[in-house]
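Hi,

Here is the structure I promised to pass on. Have a look at it first, and my notes follow underneath.

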Amino acid sequence: MTTSTCIEGLGNLRLNALSMGQGPALKSILAQLERSQWSSPKELRDAQYEQLSRLCDHAAKTIPFHAQRLKGAGFVTGRAMTPEIWSRVPILNRSDVRDLEEKLQASSYSEELGRTWTASSGGSTGIPVRVVKTELDVLIWQAVHLREILWNRVLDGEEMANMRGISKDAYLKSKEDPLALKEEGGLVMPDWGAPVKFLRRTGSMGILQPDQSLAVQSDFLLKRQPQHLLMRPAGLRLLLSYFREKGLRLMSLRGVWTVSECVDDSLREECWALFGCPIISNYSANEVGYMALQCPGGTNYHVMSESVYLEVVGANGETCRPGEIGRVLVTPLHNYAMPLLRYQVGDEAEVGEPCACGRGLPTLKQIVGRTQDYLTLKSGEKIRVNLSHYRICLIGAVREFQLIQKNLETIELRVVTSRPLDGEELGKLRELIEKPYGKHFTCLVSIVERLPRSQSGKLLQFVSEVLPTQV
Ligand SMILES: [Zn+2]
């Protein structure tokens, strides 16, 4: 890598040198992101189409699969990509990525993008995919994370409790760090680590793996009194119901940062009630990076237009307007090692209005959830799963739950409880699924010891055991 290289084609982003070192490179990207967020929607879109033109040019020259598809859509290498041509580029499904894997990798790409590595994702969607990325993708990922830190005004000296947990290997490594302190059930590191340390002189970071009991989790938080808490929404819901049941409060927090699963209004309200702070949520996936960050002024999600081109489309591929819900297609703008063009990530989202904060980055009002969160009726028709998490958690003894469609006649709500439920409570749970779905299915409620997690550690709140061939 040479130090004077200007990597073209990052949308609004330009890197003068990938080799300038992680800290300076991140600061350089971050400074550009600070400016570009105030660009007009048109300026952002124009920059994205410039980038799409370069990316498609590269894809057409180095990947026969894309060459054929782009040609079919009317794209000519060396010429600009237009919205009309783009709308004809076929959607890339998860199963395409899984099945084609190596055939989607570029035969060559600039060495300036750094070494490659493979990101795996999607145990939770049932279709795991592996995507080759470069060091540049890591830098972009970290820079967007720093943008999130800036947007939410993390201050020097503030403490974090990481209860999402870290990988087993990273935990063992942290444990051996001479600066690590042992704490009941977990560890305390002196700072938040990279990349946040390049931006802030943070306070300590407590790490508690998510398999700890709710009692240990609450003791950990009450003792440490952190300003920030990181955890998955499903875990947070359980922790909040535990706090409510025990009459506990935690008022040191300024924000609860969540990852992975969707956040709904009831969870946000419960967080305000018991922790006195907002939930700070984002939308990301390993294979494509950050897609959107929550606006610091509200609950809209701003699309990360500098690093991804994100579309929301209806059943026939038409572009959704504000207020409409559709499938999310995402095109990471910097992945030249394995370009994903119009990749259907597996979620649905509602398109938002332009945000009152003044940022030109488009918005999503909400991420609705996985597209396979549908019950299948005998007729083959599908209806969205819409279970009131809030009502279920009003029964304080419920610790976790999962709805399963067993077959075309039966659905089952499985719950893990802290004590046996009485007849009235069981009746309430049955009513919660019978009311919306009783006319289609026999509804069962069962108490189980534990619920399985996906490979990536997510608790799926809906699982369908119906095979496509049964419909
Ligand atoms: Zn905003």
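**Helix pair α9 and α10**

In this predicted model, α9 and α10 are oblique to each other. The reason is the angle: their axes cross at roughly 45 degrees, and oblique covers angles that are neither under 35 nor over 145 degrees, nor from 65 to 115. The two axes come within 10 Å, with α9 spanning residues 233–246 and α10 spanning residues 265–275. As for handedness, the crossing is left-handed.

If you want to pull up the contact, select P233, L236, R237, L239, L240, F243 and R244 on the α9 side, and S266, L267, E270, C271, A273, L274 and F275 on the α10 side. Sorted by class, that contact has ten nonpolar residues, three charged and one polar.

**Helix pair α1 and α6**

There is a second crossing to look at. Helix α1 (residues 22–36) and helix α6 (residues 135–151) have axes that come within 9 Å and cross at roughly 60 degrees, which makes α1 oblique to α6. This crossing is right-handed.

From α1, the residues in the contact are Q22, A25, L26, I29, L30, L33, E34 and S36; they meet L139, I140, Q142, A143, V144, L146, R147, L150 and W151 of α6. The split here is twelve nonpolar, three polar and two charged.

**Zinc site**

Which atoms hold the zinc ion? The SG atoms of C295, C355 and C357 coordinate the metal together with NE2 of H302, at 2.1 to 2.3 Å. The site is tetrahedral, with angles of 102 to 114 degrees among the four donor atoms. For reference, the ideal angle for four tetrahedral donors is 109.5 degrees.

Along the chain the donors are spaced as C-x6-H-x52-C-x1-C. C295 sits in the loop between β12 (289–294) and β13 (301–303), while C355 sits in the loop between β16 (343–351) and β17 (363–370), so this pair ties together parts that are 60 residues apart in sequence.

**Backbone details**

Two spots to keep in mind if you set up anything with this model. The peptide bond from A194 to P195 is cis, its omega being near 0 degrees; P195 is in the loop between β7 (186–189) and β8 (205–207). Then there is Q225, which is not a glycine but has a positive phi of about 50 degrees. You will find Q225 in the loop between α8 (214–224) and β9 (228–231).

Cheers

How values were computed: Residues are numbered from 1 along each chain as its sequence is written. This is a predicted model: local features need pLDDT of at least 70, side-chain atom pairs count only at pLDDT 80 or more; totals for chains, interfaces and linings use all residues. Side-chain values use heavy atoms; hydrogens and water are left out. Axes are lines fitted to C-alpha atoms, for helices over the stretch in contact, and angles run from 0 to 180 degrees between N-to-C directions. Helices (H or I, at least four residues) and strands (E, at least two) are DSSP runs, numbered from the N terminus. A crossing is left-handed if the near helix is turned anticlockwise from the far one by less than a right angle, and right-handed if clockwise. Contact means heavy atoms within 4.5 Å. Ala, Val, Leu, Ile, Met, Phe, Trp, Tyr, Cys and Pro count as nonpolar, Asp, Glu, Lys and Arg as charged, and the others, Gly among them, as polar. Donors are N, O and S atoms within 2.8 Å of the metal (3.2 Å for Na, K and Ca); water is not among the atoms, so sites may look incomplete. Four donors count as tetrahedral if all angles lie between 85 and 135 degrees; four count as square planar and six as octahedral if opposite donors are over 155 degrees apart and all others between 65 and 115; anything else is irregular.
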